[in-house]
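Work through the exercises below with the sequence and the 3D structure at hand. Each task is followed by a solution in steps.

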Amino acid sequence: MKRYGMFVNGEHVKSERNAWLPVIDPSLETVIAEVPDASAADVDRAVSAARAAFDTGGWPQTTAQDRGRLLFKLANKIRDEAGPLAELECRNTGKPIVEAEFDIQDAATCFEYYGGLATKIQGHVNPVPDNALSLTLREPVGVAGQIIPWNYPLVMAAWKLAPALAAGCACVLKPAEQTPLTVLELASWLPEIGFPPGVVNIITGLGEPAGSSLVAHPDVDKIAFTGSAAVGKLILKSAADTIKRVTLELGGKSPNIFFADADFEAAIDGALFGVFINQGEVCSAGSRILVQKSIYAKFVDAFAEKSKKILLGPPMDRATKMGPLVSKEQYDRVRGYQEIGKGEARLVAGGGRPKGFDKGYFVEPTIFADVDNNARIAREEIFGPVAAVIPFENEADAVRIANDSPYGLAAAVWSRDIFRALRVVKAVRAGIVWVNHMQPTYVEAPWGGYKQSGFGRELGPWGMEEYLEAKQVHINLSEQPIGWY
Ligand code: ADP
């Protein structure tokens, strides 16, 4: 069993207390590695290293071209190591290997994109009404604390690190305690690639104390967080004490809306993919499936029938379409919602643990029909393969139900009527709306939530904006005294 160190100031280190956390393979329930269990003192050490890299180490003064090249090298290294990295991600998360392979490519693409964007950070000349030259300079916000979840470990790390580094920030990133391995592997390449010590620090540990001390730390300028709404609220409160910049991506309860005129086969596949990809452990999962009444009965039958064909199996098997959930805690949580759903709606598929699995945190793809939008399974984020199907009458009804949620991360609408589809796109309050698809997203486009799904945007130029300050520079061009006194 391998012991990984945290990555602080360019070196792999133990925690000060020499305490360790087990990392498991959720398909076998075996410990595959140990990582340091960081305390507040360890976080302080990492923040000091980042602070030094930013304040005196010269990182913000590197040229944009040099930062871009480092990011390109990192992207290439990820591609070179894609096989072993995908396997590590697969073993640690339980996601199917084929999906893990996509994730690794996505992470590489993200570093590459921001490698290119580093040289496109541009200021402005402001048209001020005076004999002056007014400029806006863009500067990095400083030390970024970044906290990420366990569902897409390397992709989430890339979404956080790449724009911050392109902007010239120094980073302290905390992966989820369940899934720290791929980003630690990546960190081990940073010295040879040429990243100066302290520019990237990875601390491993629990939300409390490691995550919470990062948020409270007075020397951290900004927190970027992806995770649950409950923790997002804690972070926002704690960040208030030091007036930190905060961006939050907090998941959702996203509606996937099917009108009667949608291509029926495509719709069924879209509903399945939308909610069951990555075991349903997706912040944008289409977990509320809104179906027009005229096709409702046929849709529910076909959806339930096809869900039973989803192949659960060992994550490393290339035929596997669904692996186990990431942890015992998540398994218990999802099993709990399966039971809650049985008291709230009509179970039409799944509902328990699949037969033939002695080990591993596997749950059946589960579908409830006739769900009231006020039911807990329609309001609370489950983060597992549990779908709530909700009937609707007409377009107005669909939009009303879709928007009746505290969340607003994502939505999708399926229809062959372009006028209706686009009306729904405009009416739904969500950070992304798909038409006749659900889930693909690209590093070039903005990602983030409306309402309680959070604020701030990741990816694209928007993602880098969140790591930049704007500095106004006023240059007096008049050689006369200002004549005030
Ligand atoms: P999930 O319920 O999906 O595990 P969480 O929001 O609990 O999502 O976790 C997402 C990330 O937030 C993880 O890295 C976790 O360690 C971290 N975290 C949990 N609690 C806190 C906290 N109080 N302060 C800061 N980070 C936290």
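**Exercise 1. Salt bridges along the chain**

Task: Find how many salt bridges the rule counts, then examine the pair formed by Lys-160 and Glu-458.

Solution. This is a predicted model. The rule gives a count of 28 salt bridges. One of the pairs to examine is Lys-160 with Glu-458, where the closest N and O atoms are 2.8 Å apart. This distance satisfies the cut-off, which is within 4 Å. Next, place both residues: Lys-160 belongs to helix α5 (residues 153–167), while Glu-458 sits in the loop between β22 (454–455) and α15 (460–465), so the pair ties together parts that are 298 residues apart in sequence.

**Exercise 2. Two domains and their interface**

Task: Divide the protein chain into domains and describe how domain 1 and domain 2 meet.

Solution. Start with the bounds: domain 1 takes in 2–250 + 453–472, and domain 2 covers 255–435. Their centres, taken over C-alpha atoms, are separated by 31 Å. Now turn to the contacts, in which 26 residues of domain 1 meet 31 residues of domain 2. About 2,300 Å² is buried between the two domains, and carbon and sulfur atoms give 57% of this area. On the side of domain 1, the residues that lose the most area to domain 2 are Glu-29, Trp-150 and Ser-453, which together make up 23% of what that side buries.

**Exercise 3. Polar links across the interface**

Task: List what joins domain 1 to domain 2 by charge and by polar contact, then characterise the side that domain 1 contributes.

Solution. First, count the salt bridges between domain 1 and domain 2: there is one. For a closer look at a charged pair, take Arg-318 and Glu-101, which form a salt bridge with their closest N and O atoms 2.8 Å apart. Second, the rule finds 10 residue pairs in polar contact across the interface, both residues being at pLDDT 80 or more. Third, the elements giving two or more residues to the side of domain 1 that touches domain 2 are α3 (82–93) and α4 (97–117). Finally, sort the residues of that side by type: 11 are nonpolar, eight polar and seven charged.

**Exercise 4. A sheet of three strands**

Task: Give the strand order of the sheet that contains β1, β4 and β5, and identify its edges.

Solution. The order is β1-β5-β4, in an open sheet with mixed pairing. β1 (2–3) and β4 (20–25) each have a single partner strand and stand at the edges, so one side of each lacks a neighbour in the sheet. Between β4 and β5 (residues 30–36), the pairing is antiparallel and runs over six bridges. Within this sheet, Pro-22 stands opposite Glu-34 in β5.

Conventions
Residues are numbered from 1 along each chain as its sequence is written. This is a predicted model: local features need pLDDT of at least 70, side-chain atom pairs count only at pLDDT 80 or more; totals for chains, interfaces and linings use all residues. Side-chain values use heavy atoms; hydrogens and water are left out. Domain bounds come from an automatic or database domain assignment. Contact means heavy atoms within 4.5 Å. Buried area is the accessible area (1.4 Å probe) that two parts lose on being put together, summed over both. A salt bridge is a side-chain nitrogen of Lys or Arg within 4 Å of a carboxyl oxygen of Asp or Glu. A polar contact is a pair of N or O atoms within 3.5 Å; within protein, one must be able to donate a hydrogen and the other to accept it, and residues adjacent in sequence count only if both atoms are side-chain atoms. Helices (H or I, at least four residues) and strands (E, at least two) are DSSP runs, numbered from the N terminus. Ala, Val, Leu, Ile, Met, Phe, Trp, Tyr, Cys and Pro count as nonpolar, Asp, Glu, Lys and Arg as charged, and the others, Gly among them, as polar. Two strands pair if DSSP finds at least two bridges between them.
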